[in-house]
Amino acid sequence: MRLPRRSLRAPLGAALVLAAGGLAPDPARAQEMRFEGRIEASTRAAVSSGRDGKVVEILFHGGEAVSAGDPLLRLGDEFQALDLAIATAEATAAKARARLAAAEAKRMEELGRRDVASISRIDAARAGAEVAAAEASRAEAAESAARLRLERSVLRAPISGRIGRPLVELGAFVEAAEGPPLAEIVALDPVIVAYEVPYDERLATLKAAGEDDLDAIYPRMSLIVRAAGGALVAGPLRPGYTEATVDPDTGMVTVRATLPNPRELFRPGMRVQVASTLDPTPGGTPDGTPGRTPDEAPAGTPDEAPAGTQDGEATR
């Protein structure tokens with residue numbers, strides 16, 4: 001007996017769904033999407049000179065961890081040291097004259113109360129004390145400026161991070177105005193995870209989530225970052241922000257997230273895989289639990305979760 005054609009359509013439709021990758025997604029379950037990403041530095045800073053001078057000492061080789069304020073290079077400071085010595089001597093003399101003038105003004109006021117000194121002499125003494133005090137203040141400011149010029153002979157790290165190789169040689173003359181950077185420091189904790197998402201797809205996700213603002217879905221998203229074939233794992237993270245513009249050639253928009261990196265194993269330029277999961281329930285998290293502090297799981301590191309795990313549990 002020949003079956004009606006209508007009865008064949010349902011099995012055929014089901015077969016197409018299976019061939020396309022399995023059963024239709026369950027809207028009650030979090031769906032995972034995977035993207036190719038990269039690691040970027042969160043902060044970079046150039047080391048530059050605040051004055052002209054000759055490099056007389058380089059205090060780093062490149063690759064070291066430095067902290068903000070660490071000395072990196074020293075410029076010749078013979079003239080700056082002499083300027084400071086002169087300014088200090090002038091400030092000392094000016095403060096001594098100010099003390100004498102203040103004492104004289106006080107003496108004149110006492111004589112005036114005894115009717116021994118005239119008003120004009122008292123006024124002149126007061127004015128002299130004020131002038132001497134102003135000159136002492138100016139001398140102190142000049143001393144501070146000279147000290148600052150001397151301190152600028154030592155170039156210090158503007159931020160904490162890893163410093164690159166020196167970009168200047170010993171004995172070179174550097175200029176403050178238009179000179180090239182003398183070194184670069186890259187902050188490695190935290191770093192930035194950047195990945196591209198089709199913007200049309202992101203809008204579809206927004207609609208499916210029942211939201212009308214991209215920022216509103218970020219608390220419902222969880223990111224797991226993998227590198228080196230899964231030997232290095234971090235997460236869960238939350239997306240930080242989406243770039244304001246869409247690439248007109250690819251239709252992609254860049255999303256960035258902050259990744260704590262205390263052991264500095266993630267380095268700028270690394271290629272990573274980003275697994276993004278959106279919780280279908282507003283106000284929830286993809287795994288139904290509060291987000292955990294991101295951590296890394298490098299292979300073979302003692303006292304740490306093994307590769308492919310987070311907090312001692314298998315990463316799914």
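Helices, here, are DSSP runs of H or I of at least four residues, and strands are runs of E of at least two, both numbered from the N terminus. With that convention, Asp115 can be placed in the loop between α2 (78-113) and α3 (119-151). I shall return to this residue later.

Good morning. The structure before you is a predicted model. The chain contains five helices and 16 strands. It has 316 residues, of which 34% count as buried. The exposed surface of the chain comes to about 18900 Å², and carbon and sulfur atoms supply 55% of that area.

Let me first address confidence. The mean pLDDT of the chain is 80, and 78% of the residues reach 70 or more. Over residues 1-28, the pLDDT is below 50, and this stretch has eight contacts in the model beyond near neighbours in sequence. Residues 285-316 also have a pLDDT below 50, with 75 contacts beyond near neighbours in sequence.

Next, the contacts of the chain. Considering those between residues at least 6 apart in sequence, 74% join residues at least 24 apart.

I turn now to the interior. Which residues touch the most other members of the largest nonpolar core? They are Ile39, Val193, Tyr195, Leu259, Phe266 and Val272, in a core of 21 residues. At least two residues of this core come from each of β1 (31-47), β8, β9 (221-227), β10, β12 and β13. Strand β8 gives the largest share, six residues.

Leu259 serves as an example. Leaving aside residues up to four places away in sequence, Leu259 touches Ile39, Pro190, Val191, Val193, Ala234, Leu237 and Phe266. Apart from the core just described lies another one, of 18 residues, including Ala45, Leu75, Ala157 and Leu182.

Let us move to helix α3. This helix has 33 residues and reaches 48 Å from its first C-alpha to its last, close to the 48 Å expected at 1.5 Å a residue. Its buried residues are worth locating on the model. In α3, Ile122, Ala125, Ala129, Ala132, Ala136, Ala139, Glu143 and Ala146 are buried. What do the buried residues of α3 pack against? Their partner is α2.

Finally, I come to the backbone. Most residues other than glycine have a negative phi, and most peptide bonds are trans. Against that background, four places deserve attention.

Two of them are peptide bonds. The bond from Asp189 to Pro190 is cis, with omega near 5°. Pro190 belongs to strand β8, which covers residues 183-198, and Pro190 is one of the residues that Leu259 touches. The bond from Gly235 to Pro236 is cis as well, with omega near 0°. Pro236 is placed in strand β10, residues 232-237.

The other two concern phi. Asp115 is not a glycine, yet its phi is positive, about 60°. Glu264 likewise has a positive phi of about 60° without being a glycine. Glu264 is found in the loop between β12 (252-259) and β13 (271-278).

Is each of these residues buried or exposed? The cut-offs are needed here: buried means under 20% relative accessible area, and exposed means over 50%. Asp115 counts as exposed because its relative accessibility is 70%. Glu264 has a relative accessible area of 16%, and therefore is buried.

To close, I would ask you to find Asp115 in the loop between α2 and α3, and Glu264 in the loop between β12 and β13. Thank you for your attention.

Terms used: Residues are numbered from 1 along each chain as its sequence is written. This is a predicted model: local features need pLDDT of at least 70, side-chain atom pairs count only at pLDDT 80 or more; totals for chains, interfaces and linings use all residues. Side-chain values use heavy atoms; hydrogens and water are left out. Buried means under 20% relative accessible area, exposed over 50%, partly exposed in between (1.4 Å probe, protein chains only). pLDDT is the predictor's confidence in each residue, from 0 to 100. Contact means heavy atoms within 4.5 Å. Accessible areas come from the Shrake-Rupley method with a 1.4 Å probe; for residues, only the protein chains shown count as cover. A nonpolar core is a set of buried Ala, Val, Leu, Ile, Met, Phe, Trp, Tyr and Cys residues joined through side-chain atoms within 4.5 Å. The expected span of a helix is 1.5 Å times one less than its number of residues.
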